[in-house]
Amino acid sequence: MSLTLTKKSSKQKAASDENSEFDYSLLPQVNLLPTEIRDRRNLKKLKVRIGFFFLGLIAFVILGYVAVQVEKSMAEARYERAVEQTAKLKAEEVKYAEVPKVLGQIKDATTALRDGMYREVLWKDYIGAVAGTVPDGGIVKSLNVEAATPNNAGPQAGDNLQNTGIGELTFSVNLKTMPDTAAWINELNKIKGFSEARLEAATLAGDSDGREAYEFTGSVRLTEDIYSHRFEPEDLEESIDESDS
């Protein structure tokens with residue numbers, strides 16, 4: 001048996017090298033594996049994906065649980081601080097429990113002062129003013145006043161020609177001679193807080209010495225100008241607000 005060695009030419013060698021470098025992956029491929037093997041491989045990949053999904057879900061649940069526990073701990077801490085602060089405030093409330101009562105009493109007393117005293121009238125001055133209008137030789141026999149109070153609006157006017165006002169002053173005066181009634185009425189109306197002065201009756205009578213004398217009775221409507229204004233509601237309200245603050 002003989003072997004014959006032939007020497008390739010340079011052209012044949014170059015062609016052989018070119019064939020060895022050819023990329024066969026570019027050619028159409030045919031999967032000859034059985035279907036069972038392909039299904040097992042696909043199932044294995046699916047199981048891996050499902051496993052990663054469950055791991056991610058478990059991690060998410062754990063993180064959520066941790067976050068809830070942290071928030072719960074913070075809420076409990078806030079609640080404990082609120083309870084502690086409430087206890088302190090309750091202690092302070094007990095400590096100053098009498099303060100609202102005292103303030104309420106001060107307010108009630110001030111309100112009573114306002115309602116009862118803002119209608120104050122300095123009657124001594126007005127009695128002197130009325131006496132000053134009496135003609136010479138006259139003697140004031142009586143003075144009566146009916147005026148508004150916190151619980152009473154005061155007497156109404158005697159007729160529609162008179163102003164309502166806040167009350168009425170009636171008087172009686174003894175005179176030895178007949179006076180100038182018009183001038184007397186004008187003098188009464190000039191007094192601050194007086195209006196609608198009237199001389200309602202004149203009676204001829206005797207005095208204590210048996211001489212003739214005249215007894216005049218009259219009335220004057222009172223207005224709010226008669227008040228002394230020493231206890232103004234506005235001033236009292238300001239003092240109440242200052243005491244509350």
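## Starting at T133

Leaving aside residues up to four places away in sequence, T133 touches W184, E187, L188 and I191. This is a predicted model, so take the picture below as a prediction. T133 is found in helix α4, and with a relative accessibility of 11% it counts as buried, because the cut-off for that is under 20%.

The side chain of T133 also has a polar partner. One of its polar atoms lies 2.7 Å from the backbone oxygen of V130.

## W184 and its neighbours

Let's turn to W184, one of the residues T133 touches. Is W184 buried or exposed? It is buried, with a relative accessible area of 3%.

Which residues does W184 touch, again not counting those up to four places away in sequence? The list runs T133, V134, P135, F171, V173, L175, P179, L199 and F216.

## The nonpolar core

Now for the wider setting. The largest nonpolar core has 21 residues. Within it, F171, W184, L188, F194 and I226 have the most contacts.

Several elements chip in: α4 (123-133), β2 (167-175), α5 (181-190), β3 (194-206) and β4 (212-222) each supply at least two residues of this core. Which of them gives the largest share? That would be β2, with four residues.

## Aromatic pairs

How many aromatic pairs are there? The count comes to six. One of them joins F53 and F54, in an edge-to-face arrangement with 5.8 Å centre to centre and 75° between the planes. F53 is exposed, at 57% relative accessible area, while F54 is partly exposed, at 45%.

Another pair brings W184 back into the story. W184 and F216 are also edge-to-face, at 5.9 Å centre to centre with 70° between the planes. W184 sits in helix α5 and F216 in strand β4, so their pairing ties together parts that are 32 residues apart in sequence. Like W184, which has a relative accessible area of 3%, F216 is buried, and its value is 3%.

## A cluster of rings

W184 and F216 have company, too. Together with F171 and Y214, they form one aromatic cluster. Two members of that cluster, F171 and W184, have already come up among the residues with the most contacts inside the largest nonpolar core. F171 and F216 are both on the list of residues that W184 touches, and so is T133, where this tour began.

Technical notes:
Residues numbered from 1 in each chain as written. Predicted model: local features only at pLDDT ≥ 70, side-chain atom pairs only at ≥ 80, totals over all residues. Heavy atoms only, no water. Core = buried A, V, L, I, M, F, W, Y, C linked by side-chain atoms within 4.5 Å. Buried < 20%, exposed > 50% of the residue type's maximum accessible area, 1.4 Å probe, protein only. Contact = heavy atoms within 4.5 Å. Phe/Tyr/Trp six-rings, centres within 6.5 Å; stacked < 30°, edge-to-face > 60°. Polar contact = N/O pair within 3.5 Å; in protein donor to acceptor, adjacent residues only side chain to side chain.
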